[in-house]
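User: I would like to go through this model step by step, beginning with its helices and ending with its pockets.

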Amino acid sequence: MTMLLLIIEALAACLFVLLPCVIGISYGAVNLVCLYEKEVQQRVVELGLITEKKIKRNAMLFNIWLPFFIAFVLISVYAVNGARGFWDGFWQILVIIMTEGLFDRLFIDFFWVNRTNAWTINGTEDLKPYIYGKTLALKWVYTLVGYPVLAAGFAALMALLIK
């Protein structure tokens, strides 16, 4: 396994989170309001732009990518890179998912959603930034603390399954 291959896999993981966002907002940012704060969701429902049922449906559809993302990471680390044992798998999984997490937090959340108009929904401009406070803090904690825990869990599982 080369470092270049791991970097390519980490960048591909970023595409896994970018692609559903691009597809989702291509039909209008309101379609991914499931990713916004509750106040924004309530406002778009009040404005008649979307229903609560459709918000839940879109959230489910958006999350379909998660099993594919996990499969991509595990296949990359264990089948392509040939990782064996806990530590070998752990650090590779961590590099890939932490790259994706930081891309999500810095590019998608901080820049694309909060600093451009691509995600703006008419009638909710006064609620910008769309990701703030408790949600923003939880996303950072999940990325910086939760991702290493997830990497450890997947590495431990794979270490038991692959000898």
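User: Which elements are included in what covers the buried residues of α6?

Analyst: This is a predicted model, where local features need pLDDT of at least 70 and side-chain atom pairs 80 or more, while totals for chains, interfaces and linings use all residues. Residues are numbered from 1 along each chain, and side-chain values use heavy atoms, without hydrogens or water. In α6 (helices are DSSP runs of H or I, at least four residues, numbered from the N terminus), the buried residues (under 20% relative accessible area, 1.4 Å probe, protein chains only) are Thr143, Gly146, Tyr147, Ala151, Ala155, Met158 and Ala159. What covers them, by contact (heavy atoms within 4.5 Å), includes α4 and α5.

User: Which residues lie nearest the centre of the largest pocket?

Analyst: A pocket is an open set of 1 Å grid points where a 1.4 Å probe fits, with protein on both sides within 12 Å along at least five of seven lines, and lining residues have an atom within 4 Å of a point. The largest pocket has 32 lining residues, and the elements giving two or more of them are α1 (3-26), α4 (65-80), α5 (86-115) and α6 (133-161). Nearest its centre lie Trp65, Asp104, Arg105, Tyr142 and Tyr147.

User: Which element gives the most to the lining of the second largest pocket?

Analyst: The second largest pocket is lined by 13 residues, with Pro20, Ile23, Gly24, Leu61 and Phe62 nearest its centre. Two or more lining residues come from each of α1, α3 (52-62) and α4. With five residues, the element that gives the most is α1.

Key: Buried means under 20% relative accessible area, exposed over 50%, partly exposed in between (1.4 Å probe, protein chains only).
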